Every structure is written in structure tokens, then in C-alpha cells.
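Biologist: I am new to this model and should be grateful for a close look at a single part of it. Please set that part in its surroundings as well.

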Amino acid sequence: MFYEATRHSGPGVHALIIGVGYYPYLAGNVQSGTAEWPAFSFMPQLTSPPRSARAFAQWLSDNADERNWTVPLASVDLLLSFAPKQAPDLAAVIHGEATIDAIRQRFEAWLARCAQDPDNVAVFYFCGHGVQGDGQFLLASDFNKYAATPFAHAFDFDETRLALQQRGPRTQWMIIDACRVDCARRPPSGVQPLADPELFAISVCQNEVTLRMPMSDQAGARVGEVSFLTQALIRALDGQAATTDEHGEWVVRMDGVRRSIDTLLGEELGFQPLSRGVESINLGDAVLYRLGEAPLARLIVRCLPSEATARTTVSYTSHDMAAQPTAVIGMRPAQPLPAKGAHGQEWRIDLRAGVYTVRAECDRRSVSRTQCVLPPQSVMSLRVIDA
């Protein structure tokens, strides 16, 4: 167990986190004794999944303050597979090897903990190799151990998800940071889920957010670093998916994660446009996490027409006078950052989320408007010259 609350009774957050980077029976491992691994030559050894899983588990344990959670963080179970020479800094991390037997054993124990109280929150995270057949199949570290039945060491996530909806608590949160390369030409058969859905059982899940890459897409990461999707996820939880609740407090809701994840992933990719967004399944809108203060956000201001930008000055004033009693002058017209795309030049201003009055002055004319700035970014255009 990576994290277990020392004193806990009643409902809680229970997480099972799996990161598989070392595949002894796939290409790139000189110790592989399986002659058939060239059939999966497009699947290399991975350096990011163990670091990504470790980073997510660490974020959960570092943010275990009960005041921040709807229900307290109760347990984080961590399974990692990595080559020691590729990740010597992870050698001291408490974890278990992510073989299919270990995954099934830990999953069964995790599901039992989750099902003890309907008000629990179930968190399931997987990062590693995956393929797409009739469902998304996720590969344990001993995948392809037996060449005749390589997918005996994989599991069907989609069927597992359906079983969780029937047996788990009311609130469920699943992140699959894995490729979905289509293997329809030679679809594997007999891939088993971690739990079998029942034929006529109804779903007890009332709140769900499931995030994964879209069909036929690949997950991405820099060598030896946390994956792009996991970095975006952690930033979302840190406040970049936050909105205010009915009491005016900043909270991260399920729908906020869904709403912000594409923007955050694009930023992790260096503002590259996404051909398709992250696939998100969202049911309900439960609060996942509470913040102690307003998060940072980015305000993007554009002038209309764009050719007037060079003659325009922008300023903004917070409506939270206790936090910011005076107006703050934005970027001068000689310094706007060039926008990528068809928007010309724009101001990109990083500030605390909240309500602002934004003012633009051009050729002795001024216009202003109130803007609610929410993370990760809010965009507004001000017409400084009549068309």
C-alpha cells in the first residue's frame, strides 16, 4: 500500500494506480525468451508510465488533507513495473510488480474496499501499453509471456468499467493513459475483464468521469518524464479545472475536469492543436476536491479590429478589492504576445481567477467590460474601433 490513512472510518477515496513500463516479453528487452515478440514490434519498452503513475499517487498522498476532499483520502494502492537501470530513483518507492496476477489480486481487494460504502469514491488509473479491439485492452507487464495466448496477460477495460458501475460506489473516477491502436485486422479473442459485468444487474454509479485517448490514438510523453495526459490531469486537480460552488468556494468538479482537459493537454503539448479531444465519459457532476484559494488562470484579451492592437493599452481591475485594491496595468501595446492562428496579436495575462473589469484604450477612446475569468483560460474581445 503506497498510502493508507492512519485513522479512517466511514466513506473515503480509494485509489488503485498502475504504471507499466517494463515488458519482459516485448521488443527492446534483451532477456526476452519469447520468439514471437516481433508480432508486437511496434510496442517498445516505456519509461513514462511508472513515473506518471508515481506522480499521480504522490499528488494524492501529498494532498490528503481531509478539508480538501468531499470524503477523506483513505488508501492509494500502487503497482509499478520498470527496469531498475532505467529508473533508479524509483527503487525505494513502495509498490508491487504489475503482472496480471498482481493486478487481479489488487483489483479484487480494491473493489472490496470501494464497495463497503456507497459514499466511497473509487479511483482507477492505468498507464502503459493498450490496444483497441472490441474494447480497450490494457497490457500487464507479463503480456506475451506465452506466445500462443499473449492476451491472457491483458484485461478488457470496457467490460471492467461496466462491472464497476454495477458493484462499485456511487462515485467513480477512471483515467486510462494508454494507446488505443486499432488491432481490428487481427482482433484478439477471449480477453477477460478484471470483473465480469452481470447480465441483468443495474448500475449503481451516479457520478462518473472516465478519461482516455480517443479511438486509434496514441498516448504521448517525453522519454523519462510524466506523460502529457497525466500532467494535464494533475494540473486540473491543482485548480485548473476549478469553478465556484453555491457558497462561492473554489472546487474541482467532474464536469470541470472534462471541460478543461483538452486545453490543458494542448498546453502540455506546446499549444499544438489537438486533432481530436480526449474521450471523456461524464455522468453527474460530483465535487472531487476543494481548494483553499482562487486558482491561477489566464486571461486572453483580443482587440477588434486586430490592426488596432499596436495602438491599444489594456488594464484590468479585480472586483475582489481586498485581494487587489488597485487597478493593474496589463501588457503595453508594443509587447503583446503573437497569437497562434488567425487571431493576430493578443494579451495573455496570468492572474487569480475571479471577476475583473477589463479596459482597453485606443486613439483616446476607451471600452470596458466585466469578465469572469475561470481556469485554465478565458478569452474576450474588445472592439476599440467601430467597423
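Where in the protein is confidence lowest, and where is it highest? With that settled, please describe helix α5 and the strands it lies across.

Modeller: The model is predicted, so local features need pLDDT of at least 70 and side-chain atom pairs 80 or more, while totals for chains, interfaces and linings use all residues. Residues are numbered from 1 along each chain as its sequence is written, and side-chain values use heavy atoms, without hydrogens or water.

Confidence (pLDDT, from 0 to 100 for each residue) is lowest in strand β18, residues 337–338, where the mean is 40, and highest in strand β4, residues 121–128, where it is 98. The protein has a mean pLDDT of 86, with 88% of its residues at 70 or more. Two stretches stay under 50: residues 33–37, with eleven contacts (heavy atoms within 4.5 Å) beyond four places in sequence, and residues 325–343, with 40 such contacts.

As for the surroundings, the protein comprises five helices and 22 strands (DSSP runs numbered from the N terminus: H or I, at least four residues, and E, at least two). Of its 387 residues, 53% count as buried (under 20% relative accessible area, 1.4 Å probe, protein chains only). Among contacts with a separation of 6 or more, 73% link residues 24 or more positions apart.

Turning to the part itself, β11, β12 and β14 form, in that order, an open sheet of three strands with antiparallel pairing (strands pair if DSSP finds at least two bridges between them). Its edge strands, which pair on one side only, are β11 (242–244) and β14 (287–290). On average, neighbouring strands of this sheet are turned by 45° against each other, direction ignored. Between β11 and β12 (residues 250–253) there are three bridges, and Thr 243 faces Val 251 of β12 across the pair.

Helix α5, residues 254–268, lies across β11, β12 and β14 and runs at about 80° to β12 (the angle, from 0 to 180 degrees, is between N-to-C directions of axes fitted to C-alpha atoms, for a helix over the stretch in contact). Its 15 residues span 21 Å from first C-alpha to last, close to the 21 Å expected, which is 1.5 Å times one less than the number of residues. The helix is nevertheless bent, by about 40° at Ser 260 (the angle between axes fitted to the seven residues ending there and the seven starting there).

Ser 260 is also one of the buried residues of α5. Met 254, Gly 256 and Val 257 are buried before that residue, and Ile 261, Leu 264, Leu 265, Gly 266, Glu 267 and Glu 268 after it. Just after the helix, Gly 270 adopts a positive phi of about 85°.

Elsewhere, a further helix lies across strands: α3 (residues 157–167) crosses β6 and β7, at about 55° to β7. Those strands belong to an open sheet of four with mixed pairing, ordered β7-β6-β5-β9, whose edges are β7 and β9 (181–182). Within this sheet, β5 and β6 make a hairpin with three residues between them. In β6, Gln 136 and Leu 138 point one way and Phe 137 and Leu 139 the other, and all are buried.

Definitions and conventions. pLDDT is the predictor's confidence in each residue, from 0 to 100. Buried means under 20% relative accessible area, exposed over 50%, partly exposed in between (1.4 Å probe, protein chains only).
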